[in-house]
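Please take a moment with the sequence and the 3D structure shown here before reading on.

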Amino acid sequence: MKFPKEKKLYCKKCKKHVKHKLKEFKAAAKRTMAAGNRRHERNTDHGYMGKYKYVVFVKKQNKNPTFVAECTECKQKIPYSLGKRMKKVAQQ
Ligand SMILES: [Zn+2]
């Protein structure tokens, strides 16, 4: 699906509709030494991954694209997503 680079959205800080720049959201790098991550690795790398029986893991083919919308006036950032899975994402 094609997405625009700019879109008019409501800004909570400015309290009006303002042009927002849309950028694709990228998750930050995982902290490999964090306690929760170490625990997760410990549980998922051994045996039946905490389950009684081995379950076949099927990966979903399409992703739910999320964007970061930045207000052009106050630089406030808000997440923007359609909440639908799609194969291709292109910004114009
Ligand atoms: Zn704003």
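The paragraphs below go through the metal site, the salt bridges and a surface patch.

This is a predicted model, in which local features need pLDDT of at least 70 and side-chain atom pairs count only at pLDDT 80 or more, while totals for chains, interfaces and linings use all residues. Residues are numbered from 1 along each chain as its sequence is written, and side-chain values use heavy atoms, with hydrogens and water left out.

A good place to begin is the zinc ion, which is coordinated at 2.2 to 2.3 Å by the SG atoms of Cys-11, Cys-14, Cys-71 and Cys-74. Donors here are N, O and S atoms within 2.8 Å of the metal (3.2 Å for Na, K and Ca), and sites may look incomplete because water is not among the atoms. Along the chain, the donors of the zinc ion follow the spacing C-x2-C-x56-C-x2-C. The angles among the 4 donor atoms run from 104 to 120°, and the site is tetrahedral, a term used for four donors if all angles lie between 85 and 135 degrees. Cys-11 is buried, because its relative accessible area is 3%, whereas Cys-14, at 22%, counts as partly exposed; buried means under 20% relative accessible area, exposed over 50%, and partly exposed in between, with a 1.4 Å probe and protein chains only.

The structure also holds 2 salt bridges, each defined as a side-chain nitrogen of Lys or Arg within 4 Å of a carboxyl oxygen of Asp or Glu. In one of them, the side chains of Glu-6 and Lys-19 meet at 3.7 Å, N to O. Glu-6 lies in strand β2 (residues 6-11) and Lys-19 in strand β3 (residues 16-24), so this pair ties together parts that are 13 residues apart in sequence; strands (E, at least two residues) and helices (H or I, at least four) are DSSP runs numbered from the N terminus. The side chains of Lys-16 and Glu-73 also meet in a salt bridge, at 3.8 Å, N to O. This pair links distant parts of the chain, 57 residues apart, with Lys-16 in strand β3 and Glu-73 in the loop between β4 and β5 (77-81). Lys-16 is partly exposed at 40% relative accessible area, while Glu-73 counts as exposed at 52%.

Finally, Tyr-54 lies in the loop between α1 (35-44) and β4 (66-71), and it counts as exposed because its relative accessibility is 54%. Together with Tyr-48, Met-49, Val-56 and Val-58, Tyr-54 makes a nonpolar surface patch of about 590 Å². Patches are made of residues with over 30% relative accessible area and no salt bridge, where nonpolar side chains (Val, Leu, Ile, Met, Phe, Trp, Tyr) are joined within 5 Å and like charges within 9 Å. Accessible areas come from the Shrake-Rupley method with a 1.4 Å probe, and for residues only the protein chains shown count as cover.

Methods:
Tetrahedral: all angles 85-135°; square planar, octahedral: opposite > 155°, others 65-115°.
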